[in-house]
Amino acid sequence: MTLQRVCEREMERQRSFSIKSTSVFLALIITTISSAVIFFTFFSTSLLKSNSSNANNFQIDLSPVASITETTTNLHISDSSVSPPQSPILISTHFSPPENTSGSAKIPDFEKKTRGEVSSVKVIELPSKIGEERKKKKTNKRISQECDVTNGEWVYDSDLPLYTNASCPFIDEGFACQSNGRLDLDYMKWRWEPRDCDAPRFNATNMLEMIRGKRLVFVGDSINRNQWESMLCMLFQAVKDPKRVYETHSRRITKEKGNYSFRFADYKCTVEFYVTHFLVREGKARVGKKRRETLRIDAMDRTSSRWKGANILVFNTAHWWSHYKTKSGVNYYQEGDLIHPKLDVSTAFKKALQTWSSWVDKNVDPKRTRVFFRSAAPSHFRSFSPIYPLVSKTSLFSIHHLCIVSLDSGGEWNSGGHCREAKKLLNQTFKPSYSSKNIIVEEVLKQMKTPVTLLNVSGLSQYRIDAHPSIFGAKPENRRSQAVQDCSHWCLPGVPDTWNHFLYLHLLHKR
């Protein structure tokens, strides 16, 4: 065999070996991949079975975002559907340890977040269905009595008002702004909404049931008459037969007469008002050669005997203590036969309240009667200049109007003070003040034996510069002058409805 032939055979043998080696290598690769696929499939199946066996140890903790209570709701995941909660919730996940463990396992980082051990907690939005429920009702808030209902904001509510000048026959001319020609009616549409309270809306039927067979009595000045007329109107909307509501002495409500008792016959209850500017006695005494008006700060108003036996008493006094005679205190305040030549108004106010508190402690049975004292309502006799923005109905915090109000006094009701230009409430960048009279009231209430609930309406009412009668406290033909405006009382419907809502919430909670 030639050398050339030998070389050719050797090359053919090597080529054949190379092909066989490649085939074997490819076969090994294919075998390895197949084995890996089989192993991965088996491992995944085992893992899924393991997770399935522990499904009962996985739960979602649903905690209300704004809840003050410590109660949480735990919804366990299962194959069945879970009804969505009706409030905005903060979702965090927990793994419950198996029952046969000591519970000493290391806590995962994400669970530390829910316990506050890690700084950030992620808020997860709920499905749209739950989101819709969340809009319908805020169940994450506490009931009204368990939090400060005065901490909140005014929100525009198209469902208001609860009544109108046309639907309520008990609004006297001084408060019937719409009937007197006021055309801008947004002042009727604002509702006070507490931030931390799920406060139920006023329900006239419920209120009438709560006072069935009882006497609800308002005692105080014309601002309390304002609130009393508001209550009459709010309750009247639930009465089926208007003829079953009447004044027991057939009196028509006017500014002149001050004592009224309206009977709701179907509920055998009365809603009454007794006028007293100071709660204590107004009178006259001889000072020198002249007989002067005095205020007996040591004696109760003469109508006090009529208040006895009431089941709910709502008192107020503040407005008249800012008048000239009371502020100056010169030969005006009287105790016994002593007429003080000069007495500070704050001292006199406290003495008068102590006289009132002594009467309450002596004449009121706390087991039968609930006593309320409403704080001072603000007046808004102002001049206008660019300081504080007013609020539009579109947004409580946005500025849409050039008409803005200064809090510098522009005079009292008889010296050029006015509020006609104010058609929007003050923005919440304005911080309400707390009057010295309210501080004195709180001091006196704390010293009483009889429990008295303070209806603190001062701060929330200070925003409502838009809600006074101004020139619309009288019909056009009865107006003496547009220079005299009422920036102390309130249009009805309006702000006093909120004061009565507070009263309703307190009674509802007690019930």
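**Figure 1. Helices α8 and α9 cross in a right-handed sense.** In this predicted model, the axes of the two helices come within 10 Å of each other and cross at roughly 35 degrees. On the α8 side, the contact is made by Ser346, Phe349, Lys350, Leu353, Gln354, Trp356 and Ser357. Facing them from α9 are Lys437, Ile440, Val441, Glu443, Val444 and Leu445. Sort the contact residues of α8 and α9 by class and you get seven nonpolar, three polar and three charged. As for the choice of numbers, two packed helices are described by the angle between their axes and the distance between the axes.

**Figure 2. Helix α9 and its buried residues.** Stay with α9, which covers residues 436–446. Which of its residues are buried? They are Asn438, Ile440, Val441, Val444 and Leu445. Looking down the axis of α9, these buried residues fall within an arc of 160 degrees, so they line one face of the helix. And what covers the buried residues of α9? The cover includes helix α8 (345–363) and helix α10 (458–462), along with strands β15 (370–374) and β16 (452–455). Ile440, Val441, Val444 and Leu445 are buried, and these four also turn up in the contact with α8.

**Figure 3. Asn226, a buried residue in a helix.** Asn226 belongs to helix α5, which runs over residues 222–236. Is Asn226 buried or exposed? It counts as buried because its relative accessible area is 0%, and buried means under 20%. Leaving aside neighbours within four places in sequence, Asn226 is in contact with Phe175, His489, Trp490, Leu492 and Pro496. One of these partners, Leu492, comes back in the next view, where the peptide bond from Leu492 to Pro493 is cis.

**Figure 4. Two cis peptide bonds, each leading into a proline.** The bond joining Leu160 and Pro161 is cis, with omega at about 5 degrees. Pro161 sits in the loop that links β4 (152–156) to β5 (190–194). For the cis bond from Leu492 to Pro493, omega is near -5 degrees. Where is Pro493? Look in the loop between α10 and α11, the latter spanning residues 495–510.

**Figure 5. Ser250 and Leu279, two non-glycine residues with positive phi.** Ser250 has phi near 60 degrees, and for Leu279 the value is near 75 degrees. Each sits in a loop between strands: Ser250 between β7 (245–247) and β8 (259–264), Leu279 between β9 (269–275) and β10 (280–287). Their surroundings are another matter. Ser250 is exposed, with a relative accessible area of 70%. Leu279, at 0% relative accessibility, counts as buried.

**Figure 6. Lys423 and its contacts with two aspartates.** Lys423 is in the loop between β15 and α9. At 46% relative accessibility, this lysine counts as partly exposed, since that class falls between 20% and 50%. Once neighbours within four places in sequence are set aside, Lys423 is in contact with Asp184 and Asp466. How many residues separate Lys423 from Leu185 in sequence? The answer is 238, and yet their C-alpha atoms are 8.9 Å apart in space.

**Figure 7. Arg244, in the loop between α5 and β7.** Arg244 is partly exposed, at 36% relative accessibility. Leaving out neighbours within four places in sequence, its contacts are with Arg263, Phe264, Ala265 and Asp266. Take Phe264: along the chain it is 20 residues from Arg244, and C-alpha to C-alpha the pair is separated by 6.1 Å.

**Figure 8. The whole protein, as a backdrop for the close-ups: 11 helices and 16 strands.** Of the 511 residues in this predicted model, 43% are buried. Now for the contacts with a separation of 6 or more: residues 24 or more positions apart account for 74% of them. The accessible surface comes to about 28,400 Å². Carbon and sulfur atoms hold 53% of that surface.

Methods:
Residues are numbered from 1 along each chain as its sequence is written. This is a predicted model: local features need pLDDT of at least 70, side-chain atom pairs count only at pLDDT 80 or more; totals for chains, interfaces and linings use all residues. Side-chain values use heavy atoms; hydrogens and water are left out. Buried means under 20% relative accessible area, exposed over 50%, partly exposed in between (1.4 Å probe, protein chains only). Contact means heavy atoms within 4.5 Å. The arc is that of the directions from the helix axis to the C-beta atoms. Accessible areas come from the Shrake-Rupley method with a 1.4 Å probe; for residues, only the protein chains shown count as cover. Axes are lines fitted to C-alpha atoms, for helices over the stretch in contact, and angles run from 0 to 180 degrees between N-to-C directions. A crossing is left-handed if the near helix is turned anticlockwise from the far one by less than a right angle, and right-handed if clockwise. Ala, Val, Leu, Ile, Met, Phe, Trp, Tyr, Cys and Pro count as nonpolar, Asp, Glu, Lys and Arg as charged, and the others, Gly among them, as polar.
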